[in-house]
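Trainee: I have just opened this one and would like to go through it with you. Could we begin with how far to trust it?
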Amino acid sequence: MRGLSRKRRSPASEQTAAREVSGVVVRLIDDPSLDRRARAGLLGRLTVALAGSARKAGAAAVGSGRWLTDTVEEFAPHVPIRDLATLRSHHDGLTGDALAKVLIEAAARATAAIGAAGGVVSSMEFTAPPLLLTSPVQVAAETLAVVTIELKLVAELHEVYGRAVVGTPAVRTAAYLGAWTRKRGLDRAGGTGLAGLVGGTARRELRRRVMRRAGENVATVLPFMAGAVAGASLNSRETRKLGATIAKDLGGRVR
(Lines give C-alpha, C1' and ligand atoms only; values in the text may rest on other atoms or scores of the structure.)
Protein backbone atom coordinates (compact mmCIF):
# COMPACT_ATOMS: atom_id res chain seq x y z
CA MET A 1 0.00 0.00 0.00
CA ARG A 2 1.22 3.49 -0.67
CA GLY A 3 0.26 4.40 2.85
CA LEU A 4 2.55 1.65 4.05
CA SER A 5 5.36 2.47 1.65
CA ARG A 6 5.78 5.95 3.09
CA LYS A 7 7.44 4.22 6.04
CA ARG A 8 10.17 1.67 5.55
CA ARG A 9 9.02 -1.88 6.02
CA SER A 10 10.53 -5.14 4.91
CA PRO A 11 9.05 -6.59 1.68
CA ALA A 12 7.99 -9.69 3.61
CA SER A 13 6.05 -7.71 6.21
CA GLU A 14 4.37 -5.62 3.51
CA GLN A 15 3.34 -8.76 1.62
CA THR A 16 1.98 -10.34 4.81
CA ALA A 17 -0.09 -7.26 5.63
CA ALA A 18 -1.38 -7.03 2.05
CA ARG A 19 -2.39 -10.71 2.06
CA GLU A 20 -4.20 -10.28 5.38
CA VAL A 21 -6.17 -7.29 4.11
CA SER A 22 -6.92 -8.93 0.75
CA GLY A 23 -8.03 -12.19 2.30
CA VAL A 24 -10.39 -10.54 4.78
CA VAL A 25 -11.92 -8.16 2.23
CA VAL A 26 -12.51 -10.92 -0.32
CA ARG A 27 -14.29 -13.01 2.31
CA LEU A 28 -16.41 -10.04 3.33
CA ILE A 29 -17.60 -9.41 -0.22
CA ASP A 30 -17.77 -12.95 -1.58
CA ASP A 31 -19.01 -15.17 1.26
CA PRO A 32 -22.84 -14.97 1.48
CA SER A 33 -22.93 -17.60 4.23
CA LEU A 34 -21.52 -15.19 6.84
CA ASP A 35 -23.94 -14.11 9.55
CA ARG A 36 -23.77 -10.69 11.17
CA ARG A 37 -21.56 -11.83 14.03
CA ALA A 38 -19.08 -13.60 11.71
CA ARG A 39 -18.99 -10.58 9.40
CA ALA A 40 -18.37 -8.33 12.42
CA GLY A 41 -15.48 -10.58 13.40
CA LEU A 42 -13.94 -10.17 9.94
CA LEU A 43 -14.43 -6.41 10.10
CA GLY A 44 -12.66 -6.46 13.45
CA ARG A 45 -9.75 -8.37 11.90
CA LEU A 46 -9.63 -5.92 9.02
CA THR A 47 -9.59 -3.02 11.48
CA VAL A 48 -6.63 -4.56 13.28
CA ALA A 49 -4.84 -5.22 9.98
CA LEU A 50 -5.28 -1.60 8.92
CA ALA A 51 -4.48 -0.07 12.32
CA GLY A 52 -0.74 -0.60 11.98
CA SER A 53 -0.76 0.95 8.53
CA ALA A 54 -2.70 3.96 9.82
CA ARG A 55 -0.27 4.51 12.68
CA LYS A 56 2.70 4.37 10.33
CA ALA A 57 1.07 6.68 7.79
CA GLY A 58 0.56 9.26 10.54
CA ALA A 59 -2.31 11.37 11.78
CA ALA A 60 -2.04 13.91 8.95
CA ALA A 61 -2.35 11.23 6.25
CA VAL A 62 -5.25 9.55 8.04
CA GLY A 63 -7.09 12.78 8.78
CA SER A 64 -6.72 14.13 5.24
CA GLY A 65 -7.94 10.90 3.66
CA ARG A 66 -4.65 10.30 1.84
CA TRP A 67 -3.99 7.04 3.69
CA LEU A 68 -7.45 5.59 3.03
CA THR A 69 -7.32 6.66 -0.63
CA ASP A 70 -3.91 5.02 -1.02
CA THR A 71 -5.31 1.86 0.57
CA VAL A 72 -8.27 1.81 -1.82
CA GLU A 73 -5.95 2.29 -4.81
CA GLU A 74 -3.65 -0.47 -3.60
CA PHE A 75 -6.44 -3.00 -3.13
CA ALA A 76 -8.49 -2.10 -6.24
CA PRO A 77 -6.50 -4.25 -8.72
CA HIS A 78 -7.22 -7.31 -6.56
CA VAL A 79 -11.01 -6.97 -6.65
CA PRO A 80 -12.38 -10.20 -8.21
CA ILE A 81 -14.34 -9.22 -11.35
CA ARG A 82 -16.44 -11.80 -13.21
CA ASP A 83 -16.72 -11.70 -16.99
CA LEU A 84 -20.08 -11.85 -18.75
CA ALA A 85 -20.00 -15.61 -19.31
CA THR A 86 -19.32 -16.23 -15.62
CA LEU A 87 -22.00 -13.77 -14.54
CA ARG A 88 -24.57 -15.48 -16.75
CA SER A 89 -23.60 -18.91 -15.47
CA HIS A 90 -23.98 -17.70 -11.87
CA HIS A 91 -27.42 -16.21 -12.56
CA ASP A 92 -29.33 -18.75 -14.63
CA GLY A 93 -28.42 -17.27 -18.00
CA LEU A 94 -29.84 -13.81 -17.33
CA THR A 95 -28.69 -10.97 -19.57
CA GLY A 96 -29.10 -7.22 -19.92
CA ASP A 97 -31.29 -5.31 -17.49
CA ALA A 98 -32.48 -8.45 -15.71
CA LEU A 99 -28.89 -9.44 -14.90
CA ALA A 100 -27.96 -5.88 -13.97
CA LYS A 101 -30.86 -5.67 -11.53
CA VAL A 102 -29.80 -8.88 -9.81
CA LEU A 103 -26.22 -7.61 -9.46
CA ILE A 104 -27.35 -4.25 -8.08
CA GLU A 105 -29.63 -5.87 -5.51
CA ALA A 106 -26.93 -8.33 -4.46
CA ALA A 107 -24.41 -5.51 -4.02
CA ALA A 108 -26.94 -3.44 -2.05
CA ARG A 109 -27.56 -6.40 0.28
CA ALA A 110 -23.82 -6.91 0.68
CA THR A 111 -23.09 -3.30 1.64
CA ALA A 112 -26.12 -3.31 3.95
CA ALA A 113 -24.68 -6.39 5.64
CA ILE A 114 -21.33 -4.60 6.05
CA GLY A 115 -23.12 -1.64 7.64
CA ALA A 116 -25.03 -3.90 10.01
CA ALA A 117 -21.83 -5.70 10.95
CA GLY A 118 -20.18 -2.36 11.62
CA GLY A 119 -22.85 -1.69 14.23
CA VAL A 120 -21.99 -4.98 15.93
CA VAL A 121 -18.28 -4.09 16.00
CA SER A 122 -19.20 -0.76 17.56
CA SER A 123 -21.24 -2.47 20.26
CA MET A 124 -18.17 -4.50 21.14
CA GLU A 125 -16.13 -1.30 21.38
CA PHE A 126 -18.64 0.35 23.68
CA THR A 127 -18.25 -2.51 26.14
CA ALA A 128 -14.49 -1.88 26.14
CA PRO A 129 -13.92 1.92 26.19
CA PRO A 130 -10.17 1.84 25.36
CA LEU A 131 -11.03 0.30 22.01
CA LEU A 132 -13.01 3.40 21.06
CA LEU A 133 -9.69 4.78 19.89
CA THR A 134 -9.96 2.40 16.93
CA SER A 135 -13.26 3.89 15.72
CA PRO A 136 -11.69 5.95 12.88
CA VAL A 137 -9.90 2.84 11.64
CA GLN A 138 -13.11 0.83 11.94
CA VAL A 139 -14.82 3.37 9.67
CA ALA A 140 -11.90 3.05 7.25
CA ALA A 141 -12.18 -0.76 7.30
CA GLU A 142 -15.89 -0.63 6.57
CA THR A 143 -15.34 1.97 3.85
CA LEU A 144 -12.72 -0.21 2.17
CA ALA A 145 -15.13 -3.16 2.15
CA VAL A 146 -18.02 -1.05 0.81
CA VAL A 147 -15.91 0.62 -1.88
CA THR A 148 -14.67 -2.81 -2.95
CA ILE A 149 -18.23 -4.12 -3.34
CA GLU A 150 -19.27 -1.04 -5.28
CA LEU A 151 -16.17 -1.13 -7.49
CA LYS A 152 -16.91 -4.78 -8.28
CA LEU A 153 -20.49 -3.80 -9.15
CA VAL A 154 -19.34 -0.98 -11.43
CA ALA A 155 -16.96 -3.27 -13.30
CA GLU A 156 -19.48 -6.09 -13.66
CA LEU A 157 -22.19 -3.74 -14.95
CA HIS A 158 -19.76 -2.75 -17.69
CA GLU A 159 -19.42 -6.45 -18.50
CA VAL A 160 -23.22 -6.83 -18.63
CA TYR A 161 -23.66 -3.99 -21.10
CA GLY A 162 -20.70 -4.83 -23.33
CA ARG A 163 -18.53 -1.96 -22.15
CA ALA A 164 -15.80 -3.92 -20.35
CA VAL A 165 -12.45 -2.14 -20.38
CA VAL A 166 -9.70 -3.97 -22.24
CA GLY A 167 -6.11 -3.52 -21.18
CA THR A 168 -3.66 -4.16 -18.41
CA PRO A 169 -4.87 -4.58 -14.84
CA ALA A 170 -3.60 -1.05 -14.13
CA VAL A 171 -5.62 0.40 -17.02
CA ARG A 172 -8.76 -1.51 -16.06
CA THR A 173 -8.44 -0.53 -12.41
CA ALA A 174 -7.92 3.14 -13.25
CA ALA A 175 -10.93 3.13 -15.56
CA TYR A 176 -13.31 1.52 -13.09
CA LEU A 177 -12.05 3.64 -10.18
CA GLY A 178 -12.69 6.67 -12.39
CA ALA A 179 -16.23 5.46 -13.09
CA TRP A 180 -16.87 4.82 -9.38
CA THR A 181 -15.42 8.22 -8.43
CA ARG A 182 -17.58 10.15 -10.88
CA LYS A 183 -20.61 7.85 -10.60
CA ARG A 184 -20.65 7.62 -14.38
CA GLY A 185 -20.44 4.75 -16.83
CA LEU A 186 -17.55 4.68 -19.28
CA ASP A 187 -18.10 5.23 -22.99
CA ARG A 188 -16.88 2.67 -25.50
CA ALA A 189 -13.45 4.24 -25.62
CA GLY A 190 -13.12 4.07 -21.84
CA GLY A 191 -14.09 7.71 -21.31
CA THR A 192 -12.38 9.74 -18.63
CA GLY A 193 -11.57 6.60 -16.68
CA LEU A 194 -8.76 5.51 -18.99
CA ALA A 195 -6.81 8.62 -18.06
CA GLY A 196 -6.48 6.81 -14.75
CA LEU A 197 -5.70 8.49 -11.49
CA VAL A 198 -2.30 9.78 -12.49
CA GLY A 199 -3.16 13.48 -12.40
CA GLY A 200 -3.44 15.54 -9.26
CA THR A 201 -7.00 16.59 -10.09
CA ALA A 202 -8.14 12.99 -10.60
CA ARG A 203 -6.54 11.86 -7.36
CA ARG A 204 -8.18 14.70 -5.46
CA GLU A 205 -11.53 13.65 -6.93
CA LEU A 206 -10.96 10.10 -5.76
CA ARG A 207 -9.97 11.27 -2.29
CA ARG A 208 -13.07 13.45 -1.96
CA ARG A 209 -15.29 10.57 -3.10
CA VAL A 210 -13.64 8.09 -0.70
CA MET A 211 -13.98 10.53 2.20
CA ARG A 212 -17.64 11.20 1.40
CA ARG A 213 -18.24 7.44 1.43
CA ALA A 214 -16.38 7.18 4.73
CA GLY A 215 -18.53 9.98 6.15
CA GLU A 216 -21.64 8.01 5.30
CA ASN A 217 -20.25 5.07 7.28
CA VAL A 218 -19.66 7.09 10.45
CA ALA A 219 -23.20 6.18 11.59
CA THR A 220 -22.08 2.63 12.26
CA VAL A 221 -20.00 3.68 15.26
CA LEU A 222 -23.24 4.40 17.11
CA PRO A 223 -24.12 1.79 19.76
CA PHE A 224 -25.25 -1.60 18.44
CA MET A 225 -28.78 -1.47 16.98
CA ALA A 226 -28.73 2.23 16.10
CA GLY A 227 -25.44 1.80 14.28
CA ALA A 228 -26.48 -1.44 12.62
CA VAL A 229 -29.78 -0.07 11.33
CA ALA A 230 -28.32 3.26 10.19
CA GLY A 231 -25.33 1.61 8.51
CA ALA A 232 -27.40 -0.99 6.70
CA SER A 233 -29.92 1.55 5.43
CA LEU A 234 -27.37 4.11 4.25
CA ASN A 235 -25.14 1.59 2.53
CA SER A 236 -27.98 -0.17 0.76
CA ARG A 237 -29.52 3.06 -0.50
CA GLU A 238 -26.23 4.51 -1.79
CA THR A 239 -25.15 1.29 -3.51
CA ARG A 240 -28.52 0.85 -5.20
CA LYS A 241 -28.47 4.47 -6.39
CA LEU A 242 -24.92 4.07 -7.77
CA GLY A 243 -25.82 0.87 -9.61
CA ALA A 244 -28.92 2.38 -11.20
CA THR A 245 -26.97 5.45 -12.33
CA ILE A 246 -24.15 3.40 -13.88
CA ALA A 247 -26.62 1.06 -15.61
CA LYS A 248 -28.51 4.02 -17.09
CA ASP A 249 -25.26 5.55 -18.38
CA LEU A 250 -24.45 2.25 -20.06
CA GLY A 251 -27.82 2.16 -21.84
CA GLY A 252 -29.75 0.08 -19.34
CA ARG A 253 -33.26 0.58 -17.98
CA VAL A 254 -33.09 -0.94 -14.52
CA ARG A 255 -36.24 -0.31 -12.47
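Mentor: Let us start with pLDDT, which is the predictor's confidence in each residue, from 0 to 100. This is a predicted model, where local features need pLDDT of at least 70, side-chain atom pairs count only at pLDDT 80 or more, and totals for chains, interfaces and linings use all residues. Residues are numbered from 1 along each chain as its sequence is written, and side-chain values use heavy atoms, with hydrogens and water left out.

Trainee: What pLDDT does the protein average?
Mentor: The average is 79, and 75% of the residues score at least 70. Helices here are DSSP runs of H or I with at least four residues, strands are runs of E with at least two, and both are numbered from the N terminus. Among the elements, helix 6 (residues 84-90) has the highest mean pLDDT, 97, and helix 1 (residues 2-5) has the lowest, 39.

Trainee: Which residues stay under 50, and how many contacts does the model have for them?
Mentor: Residues 220-227 stay under 50, and the model has 26 contacts for them beyond four places in sequence, a contact being heavy atoms within 4.5 Å. Residues 125-133 are also below 50, with nine contacts beyond near neighbours in sequence.

Trainee: Changing topic, how many salt bridges are there?
Mentor: The count comes to nine salt bridges, each being a side-chain nitrogen of Lys or Arg within 4 Å of a carboxyl oxygen of Asp or Glu. One of them joins arginine 213 to glutamate 150, with the closest N and O atoms 2.8 Å apart. Arginine 213 lies in helix 10 (residues 200-217) and glutamate 150 in helix 8 (residues 135-160), so this pair ties together parts that are 63 residues apart in sequence.

Trainee: Is that arginine 213 buried or exposed?
Mentor: Arginine 213 is buried, at 1% relative accessible area, and glutamate 150 is also buried, at 1%. Here buried means under 20% relative accessible area, exposed means over 50%, and partly exposed is in between, using a 1.4 Å probe and protein chains only.

Trainee: And what does aspartate 249 form a salt bridge with?
Mentor: Its partner is arginine 184, and the closest N and O atoms are 2.5 Å apart. This pair links distant parts of the chain, since aspartate 249 is in helix 11 (residues 224-249) and arginine 184 is in the loop between helix 9 (169-182) and helix 10, 65 residues apart. Aspartate 249 is partly exposed at 28% relative accessible area, and arginine 184 is partly exposed at 49%.

Trainee: Which residues are linked in a network of salt bridges?
Mentor: Asp70, Glu73 and Arg203 are linked in such a network.

Trainee: Back to helix 9, what does threonine 181 touch?
Mentor: Leaving out residues up to four places away in sequence, threonine 181 touches Glu205, Leu206 and Arg209. Threonine 181 is in helix 9 and is buried, with a relative accessible area of 8%. The side chain of threonine 181 also reaches the backbone oxygen of leucine 177 at 2.7 Å.

Trainee: Last one, which helices give two or more residues to the lining of the largest pocket?
Mentor: They are helix 2 (11-30), helix 7 (96-126) and helix 8, and helix 7 gives the most, with six residues.

Key:
Polar contact = N/O pair within 3.5 Å; in protein donor to acceptor, adjacent residues only side chain to side chain.
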